[in-house]
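Hi,

Here is the structure I promised to pass on to you. Have a look at it first, and my notes follow underneath.

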Amino acid sequence: MRKCAVSIPSNIAEGYGRGSDPSLKHFLDISLGSAFELETQLVLSQDLFKLNAEELIPELQALQRQIRAFQNKLK
């Protein structure tokens with residue numbers, strides 16, 4: 001879960017640092033994938049380990065929407 005959480009902003013930064021919209025879009029795709037992977041892990045952790053992630057999941061879903069909106073601006 002930590003690796004996914006770090007991957008989200010790291011890939012956005014790497015894509016931006018490459019200096020082109022196609023590269024940024026590619027790294028936004030990777031970042032979005034990490035966000036969905038983290039969401040899945042949070043849901044599984046709730047079910048398997050009774051982790052309380054009820055506040056985190058909506059925030060993560062908001063971040064996913066923001067990444068998608070950013071991608072749509074690049075199209």
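Let me start with the charges: the protein chain has 9 positive and 9 negative ones, and their mean positions lie 6 Å apart. Please keep in mind throughout that this is a predicted model.

As for the overall architecture, the chain has 3 helices and 0 strands, so the order from the N terminus is simply α-α-α. Along the principal axes, the C-alpha atoms fill a box of roughly 45 × 20 × 15 Å. Of the 75 residues in the protein chain, 31% are buried. The exposed surface comes to about 5,200 Å², with carbon and sulfur atoms supplying 57% of it. If you count the contacts with a separation of 6 or more, 59% of them are between residues 24 or more positions apart.

Next, the pair of helices that I looked at in some detail. Two packed helices are described by the angle between their axes and the distance between the axes. Here, helix α1 covers residues 2-17 and helix α2 covers residues 21-49; they pack at an angle of about 170°, and their axes are 8 Å apart. Because angles over 145 degrees count as roughly antiparallel, α1 is roughly antiparallel to α2.

Which residues meet between α1 and α2? From α1, the residues involved include Cys4, Ala5, Ser7, Ile8, Asn11, Ile12 and Tyr16. On the α2 side, they include Leu24, Phe27, Leu28, Ile30, Ser34, Leu38 and Gln41. Glu14 in α1 and Glu37 in α2 are also among the residues of this interface.

One residue there is worth picking out. Ser34 lies in helix α2. Is Ser34 buried or exposed? Its relative accessibility is 8%, and because buried means under 20%, Ser34 counts as buried. Leaving aside neighbours within four places in sequence, Ser34 is in contact with Cys4, Ser7 and Ile8, three residues that also appear on the α1 side of the helix pair.

Finally, a look at the loop between α2 and α3, where α3 spans residues 56-74. Lys50 is placed in this loop and has a positive phi of about 60°, although Lys50 is not a glycine. With a relative accessible area of 68%, Lys50 is exposed, whereas Ser34 in the helix pair is buried.

That is what I have for now. Happy to talk it over whenever suits you.

Best wishes

Technical notes:
Residues are numbered from 1 along each chain as its sequence is written. This is a predicted model: local features need pLDDT of at least 70, side-chain atom pairs count only at pLDDT 80 or more; totals for chains, interfaces and linings use all residues. Side-chain values use heavy atoms; hydrogens and water are left out. Helices (H or I, at least four residues) and strands (E, at least two) are DSSP runs, numbered from the N terminus. Buried means under 20% relative accessible area, exposed over 50%, partly exposed in between (1.4 Å probe, protein chains only). Contact means heavy atoms within 4.5 Å. Accessible areas come from the Shrake-Rupley method with a 1.4 Å probe; for residues, only the protein chains shown count as cover. Lys and Arg count as positive and Asp and Glu as negative; His and the chain ends are not counted. The place of a charge is taken as NZ of Lys, CZ of Arg, CG of Asp or CD of Glu. Axes are lines fitted to C-alpha atoms, for helices over the stretch in contact, and angles run from 0 to 180 degrees between N-to-C directions. Angles under 35 degrees count as roughly parallel, over 145 as roughly antiparallel, 65 to 115 as roughly perpendicular and the rest as oblique.
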